[in-house]
Amino acid sequence: MGKISPHSHLFHATNIKETNAIAAQILQKLGQRGVISLEGPLGAGKTHFVKGVAIAMGVTDEVTSPTFTLLQSYGSCEKRLHHGDFYRLQSEAEALELGLDDYFAEGLTIIEWGNKFPNILPQETIRIVITPLEHGERAIEFFLPKK
Ligand SMILES: Nc1ncnc2c1ncn2[C@@H]1O[C@H](COP(=O)(O)OP(=O)(O)OP(=O)(O)O)[C@@H](O)[C@H]1O
Ligand SMILES: [Mg+2]
């Protein structure tokens, strides 16, 4: 586990269970609302991380990759987790057609490949970057927005 600074924090997961634990820890720090841009290469573990967040929120719906559905919502109205993926989108306009602002207005929204169209995400968006290392290990870093 890395050094805590006010704006970023670096975690190290040695296996998928630790990725879940880190997701739970980050969720606890950030709260169950807001917008997260989840970044990292193909197969980094972004969807797996969202599964960890869902478990930590007590959301029991099955979390799947929203690559084809683009955006899906889990949980109840008191506890909502929205899960999107910009990977297949060609333009900001296409992303805006999803009606993102309605999703951003309630609960927690996590967008895989959010860095593809950062300009349409709220200024307060938190970035989480997953970097695959050797042997199933992952570096997981979050960045709070600069005020
Ligand atoms: N420490 C780890 N953390 C997360 N996933 C891991 C880890 N070690 C191995 N994996 C495996 O890596 C794979 C990550 O797949 P996942 O679909 O979560 O990636 P992704 O980043 O969402 O990819 P894509 O860009 O295609 O959406 C899973 O099969 C998972 O089991
Ligand atoms: Mg994915």
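A cavity, in the sense used on this tour, is a set of grid points where a 1.4 Å probe fits but cannot get out of the protein. Keep in mind throughout that the model on screen is predicted.

**Stop one: the enclosed space**

Begin inside the protein, where the structure holds one cavity of 30 Å³ or more, with a volume of about 30 Å³. To find this cavity, select Ile-26, Leu-27, Leu-30, Gly-31, Ile-36, Val-53 and Leu-108, which together form its lining. By class, that lining divides into six nonpolar residues and one polar residue, with no charged residue. Which element gives the most to the lining? If you colour by secondary structure, you will find that α1 does, with three residues.

**Stop two: the ligand**

Next, select ligand 1 and display its shell, which consists of 15 residues, the closest of them being Thr-19, Lys-46, Thr-47, His-48 and Gly-136. Three polar contacts can be picked out here. On Thr-19, a polar side-chain atom lies 2.7 Å from a nitrogen atom of the ligand; at Gly-136, the partner of a ligand nitrogen atom is instead a backbone N or O atom, at 2.9 Å; and the side chain of Trp-113 places an N or O atom 3.2 Å from an oxygen atom of the ligand. Switch to a surface view at this point: taken alone, ligand 1 exposes 650 Å², and the protein buries 70% of that area.

Two elements, α1 (16–30) and α2 (46–57), are those that give two or more residues to the shell, and the largest share, three residues, comes from α2. Coloured by class, the shell shows five nonpolar, seven polar and three charged residues.

**Stop three: the strands**

Now hide the ligand and select strand β6, residues 126–132, together with strand β2, residues 34–39; these two pair in the parallel sense over four bridges. A useful landmark for this pairing is Glu-39, which stands opposite Val-129 in β6.

Then add strand β7, residues 138–143, which pairs with β6 in the antiparallel sense over six bridges. Here the landmark is Pro-132, which stands opposite Arg-138 in β7. Between the strands of this hairpin lie five residues, and in the hairpin His-135 takes a positive phi near 60°. While the strands are in view, it may help to recall that in a regular strand the side chains alternate between the two faces of the sheet.

**Stop four: the open pockets**

Finally, turn to the pockets, beginning with the largest, which contains about 340 Å³ of space. Its lining comprises 13 residues, and those to select in order to reach its centre are Gln-123, Glu-124, Thr-125, Ile-126 and Pro-145, which lie nearest to that point. Six residues of the lining are nonpolar, three are polar and four are charged.

How much space lies in the second largest pocket? The volume is about 170 Å³. Its lining can be selected as Ser-37, Glu-39, Gly-114, Asn-115, Pro-118, Leu-121, Pro-122, Gln-123, Thr-125, Arg-127, Leu-144 and Pro-145, a group that divides into five nonpolar, five polar and two charged residues. Glu-39, the landmark that stands opposite Val-129 in the pairing with β6, appears again in this lining.

Note on methods: Residues are numbered from 1 along each chain as its sequence is written. Chains are lettered from A and ligands numbered from 1 in the order in which they are written. This is a predicted model: local features need pLDDT of at least 70, side-chain atom pairs count only at pLDDT 80 or more; totals for chains, interfaces and linings use all residues. Side-chain values use heavy atoms; hydrogens and water are left out. Two strands pair if DSSP finds at least two bridges between them. A residue is near a molecule or strand if one of its heavy atoms lies within 4 Å of it. A polar contact is a pair of N or O atoms within 3.5 Å; within protein, one must be able to donate a hydrogen and the other to accept it, and residues adjacent in sequence count only if both atoms are side-chain atoms. Accessible areas come from the Shrake-Rupley method with a 1.4 Å probe; for residues, only the protein chains shown count as cover. Ala, Val, Leu, Ile, Met, Phe, Trp, Tyr, Cys and Pro count as nonpolar, Asp, Glu, Lys and Arg as charged, and the others, Gly among them, as polar. On a 1 Å grid over the protein atoms alone, a cavity is a set of points where a 1.4 Å probe fits but cannot get out, and a pocket is an open set with protein on both sides within 12 Å along at least five of seven lines; lining residues have an atom within 4 Å of a point. Grid points are joined across faces, edges and corners, and a volume is the space filled by probe spheres set on the points.
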